[in-house]
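Work through the exercises below with the model open beside you, and try each task before you read its solution.

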Amino acid sequence: MTARGKRWIEHWDPEDERFWEETGKRIARRNLWFSVLAEHIGFSVWTLWSVMVLFMGPQYGFSAADKFLLVSTPTLIGAFMRPLYTFAVARFGGRNWTIVSAMLLLAPTVLAAIVMEPGTSLGTFLLVAALGGVGGGNFASSMTNINAFYPEKHKGWALGLNAGGGNLGVAAIQLIGLLVIGTVGATAPRLVLAIYLPLIVLAATCAYFFMDNLASMKGDTKAMREVVKDPHTWVMSFLYVGTFGSFIGYSFAFGLVLQNQFGRTPLQAAAVTFLGPLLGSFSRPTGGWLADRIGGGKITFVTFVGMAAATVVLILASTSNSLALFTVAFIVLFVLTGIGNGSTYKMIPAIFRAKAKVAISEGADETLEMLKARRLSGALIGLAGAIGALGGLFINLAFRQSFADTKSGVPAFVAFLVFYGLCFAVTWAVYLRKQQTEVASTRGLALAGAEV
């Protein structure tokens, strides 16, 4: 293994057992840990406004609909940033882009500290919140980068840990918000921001000193154009709307729903809000681990069935005004979204590896086909992450309309229930029907459930 310039790795073959055990594993793990750190801070900045709205009392003059719009804005921008961040890894290198993307987090954090006071217009808040969308892009670049470092048999664990550690950034900033509100009250939002400024610098510094770039990803700008032609891209993106879109959407909305539907104070809402994202983040690696052993398609199917059942309980709890049942069901739903996040991302590299095996069996070059599988997996991870994040936007807009029309979240939950039903039906139809295995090579859409 030789380096081209500083921190560039020319040769990288994680599927070679000897290379992996002697060299690759150590380097991959080092890059994984520091990627998790940067992505963790990125998620915190992305979901910053789910905490800031808890500090916005009556003196700010904003309605519930205004606040749902405010938390929706960074979700939308983050979704659009993700494909660009995926390309950036191929163009600049994983290490280099991690440094840049971490430093970009300073802008929305500093500006939030400047504008966070009563009298600031909603338009100004929306603009600053939009800048926070750069934190959502960090996920795509981090996942694409780590996907290239690990062999197929460890991708579920590695991608689940990487994403789960990043997702913990949601719970972390909400927990910090709780501590601030609980100790100094709901009048010191800048204290939350002051805590994150040095952490952003720390993440960029660690990436500079401890991460690497993979030359095999350099200049790979055609993968995205190639992957959009694959039917699996749109199936997996649809499913990821249901898993990650739910996780990030509920992360933004949970506190506002508790305040507006059950009359919780900012402190009461903050005391519960962080639990959902926390447990959902911890369950994401579990989803990847289960997918490695049982199959991503099977785990994803069961997850969506569970999410639909939890949503039914949320509807019943809302109509009966049972705060305890509502809270428990919502937290269970968070856990299931985490498991689904892990299993769906395990499915992506498995799909392209299965396609590569078919091509190899027909005489294609093994090295080229496996490299192509990694390239397309990375591209789809970025694209699915972007489309999935739009699910968070839809959830918050649905809540906004639901509360504006009925002062209740029930209509929104009914819509989510229908969508989860579609998700588990699609998962079964494409990846689990046994007869689909027989036509996988000719139709290019369905692959064996055991493989995926």
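**Exercise 1: Cysteines**

Determine how many disulfides the chain contains, given that a disulfide needs a pair of cysteine sulfur atoms within 2.5 Å.

Solution. Applying this rule to the predicted model, we arrive at a count of zero disulfides. We can then ask how two of the cysteines are placed, using the cut-off that buried means under 20% relative accessible area. Cys206 has a relative accessibility of 12%, and therefore counts as buried. Cys423 has a relative accessibility of 0%, so this residue counts as buried too.

**Exercise 2: Overall form**

Decide whether the radius of gyration of the chain agrees or disagrees with that of a compact globule.

Solution. We begin with the length of the chain, which is 452 residues, because the value for a compact globule, near 22 Å, is worked out for this number. We then take the radius of gyration of the chain itself, 21 Å, and find that it agrees. As a further description, the C-alpha trace spans about 70 × 50 × 30 Å along its principal axes, and the chain is made up with 19 helices and two strands.

**Exercise 3: Inside and surface**

Find what share of the residues is buried, and what the exposed area consists of.

Solution. Of the 452 residues, 58% count as buried. Turning to the surface, the chain exposes about 16600 Å², and carbon and sulfur atoms supply 67% of this area. Finally, among contacts with a separation of 6 or more, 82% are accounted for by residues 24 or more positions apart.

Definitions and conventions. Residues are numbered from 1 along each chain as its sequence is written. This is a predicted model: local features need pLDDT of at least 70, side-chain atom pairs count only at pLDDT 80 or more; totals for chains, interfaces and linings use all residues. Side-chain values use heavy atoms; hydrogens and water are left out. Helices (H or I, at least four residues) and strands (E, at least two) are DSSP runs, numbered from the N terminus. The radius of gyration is taken over C-alpha atoms; the globule rule is 2.2 Å times the number of residues to the power 0.38. Buried means under 20% relative accessible area, exposed over 50%, partly exposed in between (1.4 Å probe, protein chains only). Contact means heavy atoms within 4.5 Å. Accessible areas come from the Shrake-Rupley method with a 1.4 Å probe; for residues, only the protein chains shown count as cover.
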